[in-house]
Amino acid sequence: MRNRIVIILVNYNSFYDTKACVNCIALTNTELPFIVLVDNNSNNQGELSTLQQEYKDLKIILNNENIGFGRANNIGIDWAQKNLDFDFLLLLNNDTLIEQSTLSYLISAFAKDENIGITTGKTFYESNRNVVWYGGGDINYVRGWPKLVDYNKEPTPTGANNTRYVGFVSGCTMMFSKASISAIKGFDTDYFMYCEDLELCIRAQKLGFKLYYESKAIIYHKVQGSSKKENSVYTGDHPKNPNLSFLFYHMKTNQYLTFKKHLTGIAFLKFLIIYWIEFGLKSIIILLNNRRDMLPVFFKVIKKNLIG
């Protein structure tokens, strides 16, 4: 089957986010993409079939367990490569909305440089469309973490409104050419959730691919749609995030794993020093916010990183 664009969506107990995302994709000003929807054993898998009544070119893959974000995306990628003839493949979070021109801008960016392997766009919070969630970024290899531009701020001319090459692309929105996704082969299967995009960006650049941020491609993100506790206003590593134990464990162990994979010698030693200092400081801040329930998580992270 010939489809110029394929979009992979991963769903986990977030049917209405996925439905809104699919409906938004249907309004794009490009030819309609083929959507591969991979479900991670949601409680409401039966509802997903109703989406095929609204969007014709949609393949639903039902997993019998929650295998995580990266692995589920890989299943979608594998199915698309075996069953579809496409030019571009987009990994898109299911809790996002895109503008009509977003796909066009992501695709046209590839024509600027034959070495571009991944394109991405400017991402705002859906809850506040004036505030940037992702405006491009680079990787700080000493801290072992992306340095994001205009994060939690309004976009600036030299920041999020500046189209440019970047060193880090969020897994929220990753557009690949057929050649680049074939070479990069998706996410590392050692990761369940978090930091898989960080590892992929490092690996892609080692393979010689460039990452490109197109500020005209607009995405709106609801943020942690599949892992956020219902009615919670706290996300990320905020001490009051009710989902902090899950997020903190996977984020800190995967951060450590990423740079253990990709750094050696003095560079890895510098990372280790900063990593453990920041780990200790963050743990203290969390405990001072009456989160003593996090103590077992801290020890679990230490054990995982040092023993495996």
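# A guided tour of the model

The protein exposes about 14,100 Å², and carbon and sulfur atoms supply 53% of that area. What you have open is a predicted model, so let's walk through it one selection at a time.

**The whole chain.** Start by showing everything. Along the principal axes, the C-alpha atoms fill a box of roughly 50 × 45 × 35 Å. A compact globule of 308 residues would have a radius of gyration near 19 Å, and the protein agrees, with 19 Å. Switch to a cartoon view and you can look for ten helices and twelve strands. Of the 308 residues, 54% count as buried. Take contacts between residues at least 6 apart in sequence: 73% of them join residues at least 24 apart.

**The core.** Next, select Leu9, Ile25, Ile118, Met174, Phe176 and Phe248. These are the residues with the most contacts inside the largest nonpolar core, which has 98 residues. Now keep Leu9 alone and show its surroundings. Leaving out residues up to four places away in sequence, Leu9 touches Cys21, Val22, Ile25, Ile35, Val36, Leu37, Val38, Leu92, Asn93 and Asn94.

**Thr173.** Move on to strand β11, residues 173–177, where you will find Thr173. Is Thr173 buried or exposed? Its relative accessibility is 1%, and under 20% counts as buried, so Thr173 is buried. Show its neighbours beyond four places in sequence: among them are Leu90, Leu91, Leu92, Thr119, Thr120 and Ile219.

**Helix α4.** Select residues 69–83. The end C-alpha atoms of this 15-residue helix are 21 Å apart, in agreement with the 21 Å it should span at 1.5 Å a residue. Colour its buried residues: Phe69, Gly70, Ala72, Asn73, Asn74, Gly76, Ile77, Trp79 and Ala80. What do they pack against? Strands β1 (5–11), β2 (34–39), β3 (58–62) and β4 (88–92) are there, together with helices α6 (178–184) and α7 (196–206).

**Ser182.** While α6 is in view, pick out Ser182, which belongs to that helix. Ser182 is partly exposed, with a relative accessible area of 40%. Try a distance label from Ser182 to Val223: these two lie 41 residues apart along the chain, and 28 Å separates their C-alpha atoms.

**Helix α9.** Now highlight residues 265–288. The 24 residues of α9 should span 34 Å at 1.5 Å a residue, and the 35 Å between its end C-alpha atoms agrees with that. Its buried residues are Phe268, Phe271, Tyr275, Phe279, Ser283 and Ile286, and their cover includes α8 and α10. Following α9 comes Asn290, which has a positive phi near 60°.

**Helix α10.** Finish with residues 295–306, a helix of twelve residues. From first C-alpha to last, α10 reaches 17 Å, close to the expected 16 Å. Which of its residues are buried? Colour Val297, Phe298, Val301 and Asn305. They sit on the same side of α10 because they cover an arc of only 105° around its axis. Give another colour to Pro296, Phe299, Lys303 and Leu306, which are exposed on the other side. Add α8 (244–262) and α9 to the view to see what the buried residues of α10 pack against. The last stop is Gly308, which follows α10 and has a positive phi near 105°.

Note on methods:
Residues numbered from 1 in each chain as written. Predicted model: local features only at pLDDT ≥ 70, side-chain atom pairs only at ≥ 80, totals over all residues. Heavy atoms only, no water. Helix = DSSP H or I, 4+ residues; strand = E, 2+ residues; numbered from the N terminus. Expected span 1.5 Å × (residues − 1). Buried < 20%, exposed > 50% of the residue type's maximum accessible area, 1.4 Å probe, protein only. Arc of directions from axis to C-beta. Contact = heavy atoms within 4.5 Å. Core = buried A, V, L, I, M, F, W, Y, C linked by side-chain atoms within 4.5 Å. Rg over C-alpha atoms; globule rule 2.2 N^0.38 Å. Areas by Shrake-Rupley, 256 points an atom, 1.4 Å probe, with all protein chains shown as cover.
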